[in-house]
Structure formats: C-alpha cells, structure tokens
Amino acid sequence: EITEALSRGWTVVAIDYRLIPAVLLKDIVEDAQDAYEWVRTNLSKIEPINPDIISVFGRSAGGSLALISGYKFTPQPKAIIALFPYLSNFNDPFVSNHMTPPSEELLAAMREINQTITQASTKRSSPRSHVFEKMLLEKKQGWVLVSRDPNESAESIEAKLREFSAVDHVDKNYPPTYLAH
C-alpha cells in the first residue's frame, strides 16, 4: 500500500500509539488524534502538503482507528481506507461478557503490566500475550479496552464501548470510506 501511495506522489506519515492493555482505548484514540493534529498543523513546515485534504489509512487495529477518525477527529479526514479493521460494536456477547467480573487471574495478569507498551512482543510468554490469552478465554475484550475496574457495571462498560464503535457512528456526514474485510 505504501509503495502505491508514494508512486502517486502522496506524502505518507506513519504514526505510533500506545498499546492495550497498558492503556485504555481512549488513550490510543487520543494518541492518534494528537498525531493527526500534528500532521495538520506542522507537517506543511517540513513537507509540501495541503492540511485540508488528509486521508487516514490503517490496517487491523490501525484500520479500527482509521474508522474512529471519521467521527472523532476535527476536522474529519477527507477519506478513510480501512483494511481488516475490527468492526464489532464491541458489545457482541460472543466477544465481550460484561455481566461477570474479570477473574483474579486476569486481574493479576493486568497488574504485571506496569509500564506503557509501545511495541508488540511476539513471545507467547510476554506479559501482554498473557493478558490477551486470559482476556480471550474470559470474553473480556471490552473490559480490557475501556475499564480497569473489576466492579464497573455492564451498562457503564457498554456505554464506553459504544463511543468507539464506528458501526454506531456512521451517518451521511461520515467521510468517504474504502473498507476491505
């Protein structure tokens, strides 16, 4: 994708953001918003770009962030390309069980992560992998994305998750989007 964009004379900016589970999804979205705003206000001082025609591209988790940018970023991107994003409304009962609290094992795994993670580890023994394994088994993806409180109500978690569900925010004002899934 990058080669194609560069061959068209486009400027490509890759951003980085903090990772789950060391931070919440709202923090990741904030990182992406900060990067978007920096590109809009500062990149033209370095590279000849038009800050009024920025498009957002992402794949997988980045694709989800690209979709979120369509309703969270101001001004909206001019277009979005999202490849293989996570498209659940995050409240899907097959993925997220908000009715029971997380197990002590998951809470202990979360406590192991005491610093911001900026690079995914491929080692199955990493603390991040351990959290994801427990999270998937317990169907606590939603909780890990938006909460750290084992006593938070299902209603509160569901409301927080809806804020980040592109499925719930697409309307006639949403930017033109190419979605491959």
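**A three-stranded sheet and the helices around it**

The sheet is a good place to start: three strands make up an open sheet, ordered 1-2-3, and the pairing is parallel. Strand 1 (55-59) and strand 3 (177-180) sit at the edges with a single partner strand each, so one side of each has no neighbour in the sheet. From one strand to the next, the twist averages 5 degrees. All of this comes from a predicted model. Strand 2 (residues 79-83) pairs with strand 3 in the parallel sense, and four bridges hold the register between the two. One pairing can be picked out by residue: L83 has A180 of strand 3 as its bridge partner.

Helix 3 is the element that lies across the sheet. It spans strand 1, strand 2 and strand 3, and runs at about 150 degrees to strand 1. S69 gives a residue-level view of this helix. With a relative accessible area of 0%, S69 is buried. Leaving aside residues up to four places away in sequence, S69 touches V56, P77 and I80. Of the strands that helix 3 lies across, strand 1 covers residues 55-59 and strand 2 covers residues 79-83.

Helix 3 (residues 61-72) also meets helix 2 (residues 25-42). Two packed helices are described by the angle between their axes and the distance between the axes. Here the axes come within 11 Å and cross at roughly 75 degrees, which makes helix 2 roughly perpendicular to helix 3. On the helix 2 side, the contact is made by I28, V29, A32 and Q33, while helix 3 brings in L65, I68 and K72. Sorted by class, the contact of helix 2 with helix 3 has five nonpolar residues, one polar and one charged.

Helix 4 (residues 104-112) shows a clear split between its two sides. Its buried residues are L106, L107, A109 and M110. These cover an arc of only 160 degrees around the axis, so they end up on the same side of helix 4. That fits the usual helix geometry: an α-helix has 3.6 residues a turn, so residues three or four places apart point the same way. The exposed residues E104, E105 and R111 are carried on the face of helix 4 turned away from the buried side. As for what covers the buried residues of helix 4, the list includes helix 5 (127-138) and helix 6.

Helix 6 turns up again in the packing of helix 7 (residues 154-163). The buried residues of helix 7 are A154, I157 and L161. Looking down the axis of helix 7, these fall within an arc of 65 degrees, so they line one face of the helix. The buried residues of helix 7 pack against helix 6.

V146 offers a residue-level look at this region from the other side, since it belongs to helix 6 (residues 141-146). V146 counts as buried because its relative accessibility is 6%, below the 20% cut-off for that label. Not counting residues up to four places away in sequence, V146 touches L24, I157, K160, L161 and F164. Two of these partners, I157 and L161, are among the buried residues of helix 7. As for the chain start, V146 and E1 are 145 residues apart in sequence, and their C-alpha atoms are 31 Å apart in space.

How values were computed:
Residues numbered from 1 in each chain as written. Predicted model: local features only at pLDDT ≥ 70, side-chain atom pairs only at ≥ 80, totals over all residues. Heavy atoms only, no water. Buried < 20%, exposed > 50% of the residue type's maximum accessible area, 1.4 Å probe, protein only. Contact = heavy atoms within 4.5 Å. Arc of directions from axis to C-beta. Axes fitted to C-alpha atoms, helices over the stretch in contact; angles between N-to-C directions. Parallel < 35°, antiparallel > 145°, perpendicular 65-115°, else oblique. Nonpolar A, V, L, I, M, F, W, Y, C, P; charged D, E, K, R; others polar. Pairing = 2+ DSSP bridges.
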